[in-house]
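Hi,

Here is the structure I said I would pass on. Have a look at it first, and my notes on what turned up are below.

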Amino acid sequence: MKKMSASSSISSPEELQSRTCKCEFLARYYTATTLENGRRRFYRCRRVGSNFCGYWNWIDDKLPRHVSTMIHNQKVELDSIRKGKNHLKKIVEDMGGIADSYLKEMTADEMF
Ligand SMILES: [Zn+2]
């Protein structure tokens, strides 16, 4: 028997196990991208429209408004920075390249 703890990580393997929706398909794992639910994780039925069985299961608690707004704004900013980076990368490539170590450092941000 597994010991439950109030502080157990939301990303622990058992939280992310596959789940089955009402039509007995494997529910799909998603990450919300809306302003209200930025990066909030959930499972839902993989079918769409009238075939959707209604299965929807949030993994994370609802975010406070200021946090979701912050996450959303950071994503917008990150997308813009990424675009700029790719643009610069192309210019650098056209110029004949740059040391790999520098580019690797920059891509650490892409884990977000
Ligand atoms: Zn379903």
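Strands β1 and β2 run antiparallel and are joined by 4 bridges. One of the facing pairs there is T31 with R41, the latter in β2. On the other side of the pairing, β2 covers residues 41-44 and is matched with β3 over 3 bridges, again in the antiparallel sense. In that ladder R44 sits opposite W56 of β3, and Y43 has N57 as its bridge partner.

Put together, the 3 strands make an open sheet, ordered β1-β2-β3, with antiparallel pairing. β1 (28-31) and β3 are the edge strands: each has a single partner, so one side of each is left without a neighbour in the sheet. On average, neighbouring strands are turned by 25° against each other, ignoring direction.

Before you go further, please keep in mind that this is a predicted model. Mean pLDDT for the protein chain is 79, with 71% of its residues at 70 or more. The stretch to watch is residues 1-10, where pLDDT is below 50; beyond near neighbours in sequence, that stretch makes 3 contacts in the model.

As for the overall layout, the protein chain has 2 helices and 3 strands. Starting at the N terminus, the order of elements is β-β-β-α-α. Of the 112 residues in the protein chain, 4% are buried. If you take the contacts between residues at least 6 apart in sequence, 38% of them link residues at least 24 apart.

Three residues I looked at one by one:

**N57.** This one belongs to strand β3, which spans residues 56-58. Is N57 buried, exposed or partly exposed? Partly exposed, because it has 13 C-beta neighbours inside 10 Å. Its contacts, leaving out anything within four places in sequence, are R19, F42 and Y43. Y43 is the bridge partner mentioned above; the two residues are 14 apart along the chain, and their C-alpha atoms are separated by 5.0 Å.

**R39.** You will find R39 in the loop between β1 and β2. What caught my eye is its phi, near 70°, which is a positive value in a residue other than glycine. For context, most residues other than glycine have a negative phi. R39 has 16 C-beta neighbours inside 10 Å, so it counts as partly exposed.

**I71.** This residue is in helix α1, residues 65-95. Which residues does I71 touch, not counting those up to four places away in sequence? They are G38 and R39, and R39 is the loop residue with the positive phi. So here is a link from helix α1 to the loop between β1 and β2, through the contact of I71 with R39. I71 also has its C-alpha atom 9.9 Å from that of T34, although the two are 37 residues apart along the chain. Its burial class is partly exposed, because 18 C-beta neighbours fall inside 10 Å; the buried class would need 20 or more.

If you open the model in a viewer, I would begin with the Y43 and N57 pair, then go over to R39 in its loop and on to its contact with I71.

Cheers

Technical notes:
Residues numbered from 1 in each chain as written. Predicted model: local features only at pLDDT ≥ 70, side-chain atom pairs only at ≥ 80, totals over all residues. Buried ≥ 20, exposed ≤ 12 C-beta atoms within 10 Å, placed from the backbone. Contact = placed C-beta atoms within 7 Å. pLDDT = per-residue confidence, 0-100. Pairing = 2+ DSSP bridges. Axes fitted to C-alpha atoms, helices over the stretch in contact; angles between N-to-C directions.
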